[in-house]
Amino acid sequence: VSPHEQVSATVDGKKITIEYGRPYAKGRKLIGGIEPWGKVWRAGADEANKLTAEADLNIGGLKVPKGTYSLFVLPVESGAWKLIVNKVPDQWGAFKYDQAMDLGRTDLQVKTGAPPTEQLTFSFEGFGAGKKGTLKLAWETWQATVPVTVQ
């Protein structure tokens, strides 16, 4: 069972929310195992992750107009992983993912060797009083981050 949760940040009165399913690792090899290298991944469980922004965003250089989108990740064994923002917000997993519907892709900064994270976790960090922060994805010993600026 993968519980469904939301994580959000409010910046200048505008809310940014990610809704996602949170699978557990359960001792399995996930990235590069169950989730193969070079294949678009829903980065969660069940429905594709949903990003809703009440303001225009800049995510790692990708301009994202306010609205609702789905999020995917393309993990690669060597090189930069990609965060994919897709214009179809309501999708089941990545089964009907259509690259032609991408708003765009941006690089994720990835590191491994972090303390293990049993349950897939998205978080917004560092917004404080400013308009700049970070979106972070953690699972197993992986951490992937991308800067986010509220426009």
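These are my notebook entries on one predicted model, written as I looked things up.

**Entry 1: the whole chain**

I began with the secondary structure, and the chain has zero helices and nine strands. Reading from the N terminus, I simply get one β after another: β-β-β-β-β-β-β-β-β.

Next I looked at the overall dimensions. The C-alpha trace spans about 40 × 35 × 30 Å along its principal axes. How does the radius of gyration fit a compact globule of 151 residues? The chain has 14 Å, and a compact globule with that number of residues would have a value near 15 Å, so the two agree.

I also noted how the chain is covered. Of its 151 residues, 46% count as buried. The accessible surface comes to about 7500 Å², and carbon and sulfur atoms hold 50% of that. For contacts between residues at least 6 apart in sequence, I wrote down that 54% join residues at least 24 apart.

**Entry 2: the nonpolar cores**

Which residues have the most contacts inside the largest nonpolar core? They are I18 and F122, in a core of 37 residues. Strand β9 gives the most to this core, with eight residues.

I then took a closer look at I18. Leaving out residues up to four places away in sequence, I18 touches E5, Q6, V7, K50, L51, L71, F122, F124 and L135. I was pleased to see F122 on that list, as I18 and F122 are the pair I had just noted for their contacts within the core.

Apart from the largest core lies another one, of six residues. I found V40, L74, I84 and Y97 among them.

**Entry 3: the aromatic rings**

I counted seven aromatic pairs in the structure. The one I followed up is W81 with W142, a tilted pair with 5.1 Å centre to centre and 40° between the planes. Why does this pair tie together parts that are 61 residues apart in sequence? It does so because W81 lies in strand β7 while W142 lies in strand β9.

Are these two tryptophans buried or exposed? Buried means under 20% relative accessible area. W81, at 3%, therefore counts as buried, and W142, at 18%, is buried too. W37 belongs in this entry as well, as ring pairs link W37, W81 and W142 into a cluster.

**Entry 4: Q143**

One place along from W142 in my notes comes Q143, also found in strand β9, which covers residues 132-150. I checked how covered this residue is: at 15% relative accessibility, Q143 counts as buried. Setting aside residues up to four places away in sequence, I see Q143 touching Q109, V110, K111, A114, K136, L137 and A138.

**Entry 5: G93**

Where does G93 lie? I found G93 in the loop between β7 (81-86) and β8 (102-125). A place in a loop does not leave this glycine uncovered, because G93 has a relative accessible area of 0% and is buried.

I then asked what G93 meets from elsewhere in the chain. Leaving aside neighbours within four places in sequence, G93 is in contact with R42, D46, E47, A48 and F72. I also checked G93 against A43: they are 50 residues apart in sequence, and their C-alpha atoms are 8.8 Å apart in space.

Key
Residues numbered from 1 in each chain as written. Predicted model: local features only at pLDDT ≥ 70, side-chain atom pairs only at ≥ 80, totals over all residues. Heavy atoms only, no water. Helix = DSSP H or I, 4+ residues; strand = E, 2+ residues; numbered from the N terminus. Buried < 20%, exposed > 50% of the residue type's maximum accessible area, 1.4 Å probe, protein only. Contact = heavy atoms within 4.5 Å. Phe/Tyr/Trp six-rings, centres within 6.5 Å; stacked < 30°, edge-to-face > 60°. Core = buried A, V, L, I, M, F, W, Y, C linked by side-chain atoms within 4.5 Å. Rg over C-alpha atoms; globule rule 2.2 N^0.38 Å. Areas by Shrake-Rupley, 256 points an atom, 1.4 Å probe, with all protein chains shown as cover.
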